[in-house]
Amino acid sequence: EGVPIPYEVLNVVEGHIRHIIHRADRDSFSYEIYKDILSGGYSVAKVWTDYSSPMSFHQQINLSRVFDPTLCGFDPAARAPHKGDGQYCFEVFPMDVKDFERDYPDVELKGINYERDFEGFNWSYKDSMGKKTILVVDYFEKKKKRTRIVKLADGRVMTVKDYERMRAYWEEMNFIEQLPIVVGKPRWTELETIYRYRLIENQVLEHEETDYNYLPYVFIDGNSINLTQGTSNVTYQMTRPYVYHAKGIQDLKNFAGMSLANYLENQIQH
């Protein structure tokens, strides 16, 4: 809120972000994103938190490319390039049935049919080796809640409920120092909370309230443009790879090469 940030703090934060990206680059994060932008025109990155090791209580921020950017979706009403201003986003990823049954032993897979073709979208299928695969969706949605907030004398801002809870704890612990008083009048505001749902074709597996401030999936735009359908006001985003405009000259080069090869092939031997 207008408070100057020391230069040392900026260096620490920048170094921390560089470390996160460096750790992701060990799995070719930057290269895969760059390749997606060149070949498909866009890519999708995922940011999440997890424990640093199975025997650790310390969490760290992780960054990676999603399994398949074409299996991700965003709110069509989003206008920011990263689409973080939308109301929802999701990722569809495949999971082996054995791994699924190990992670969710209480979930019954009734009504799941694996005998399907690959002409359309299928929630479950068998590969060429007969291995059963099921598609799982991670869906994140913003939910807004109208609440009142107050500003305290020490500069902190919190909701009225949190302040009342702090007052009760203060009296229970019999602190000697005075409770920070409220400065000014409370005001109404809207707070956003991001909920995470994990689901399959016919049921929701789990849902929880996250501590994320932003949607965890980031749309990385390469070279897109917003177009309007006919005379209507309906617009859509067309993503273009960087080699899109080189298609015509590449076709001309291929035609010239084939014409030269055909001329040499049909030459009289003598």
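## Overall shape and the strands around β8

Of the 270 residues of the protein, 29% count as buried. Keep in mind that this is a predicted model.

Start with the overall dimensions. A compact globule of 270 residues would have a radius of gyration near 18 Å, yet this protein comes in at 27 Å. The C-alpha trace tells you how that is laid out: along the principal axes it spans about 110 × 50 × 50 Å. As for surface, the protein exposes about 19700 Å², with carbon and sulfur atoms supplying 55% of that.

Charges next. There are 33 positive and 40 negative side chains, and the centres of the two sets sit 4 Å apart.

On to the fold. The secondary structure comes to 5 helices and 12 strands. If you look at contacts with a separation of 6 or more, 56% of them are between residues 24 or more positions apart.

One spot to zoom in on is strand β8 (residues 182-199), which pairs with strand β6 (residues 132-152) and also with strand β9 (residues 204-209). Here are the two pairings side by side:

| Strand pair | Sense | Bridges |
|---|---|---|
| β6 and β8 | antiparallel | 15 bridges |
| β8 and β9 | antiparallel | 5 bridges |

To get your bearings in the β6 pairing, find Lys-145, which stands opposite Leu-191 in β8. For the β9 pairing, go to Tyr-195, which stands opposite Glu-209 in β9. β8 and β9 also form a hairpin, with 4 residues between them.

How values were computed:
Residues are numbered from 1 along each chain as its sequence is written. This is a predicted model: local features need pLDDT of at least 70, side-chain atom pairs count only at pLDDT 80 or more; totals for chains, interfaces and linings use all residues. Side-chain values use heavy atoms; hydrogens and water are left out. Two strands pair if DSSP finds at least two bridges between them. Helices (H or I, at least four residues) and strands (E, at least two) are DSSP runs, numbered from the N terminus. The radius of gyration is taken over C-alpha atoms; the globule rule is 2.2 Å times the number of residues to the power 0.38. Buried means under 20% relative accessible area, exposed over 50%, partly exposed in between (1.4 Å probe, protein chains only). Contact means heavy atoms within 4.5 Å. Accessible areas come from the Shrake-Rupley method with a 1.4 Å probe; for residues, only the protein chains shown count as cover. Lys and Arg count as positive and Asp and Glu as negative; His and the chain ends are not counted. The place of a charge is taken as NZ of Lys, CZ of Arg, CG of Asp or CD of Glu.
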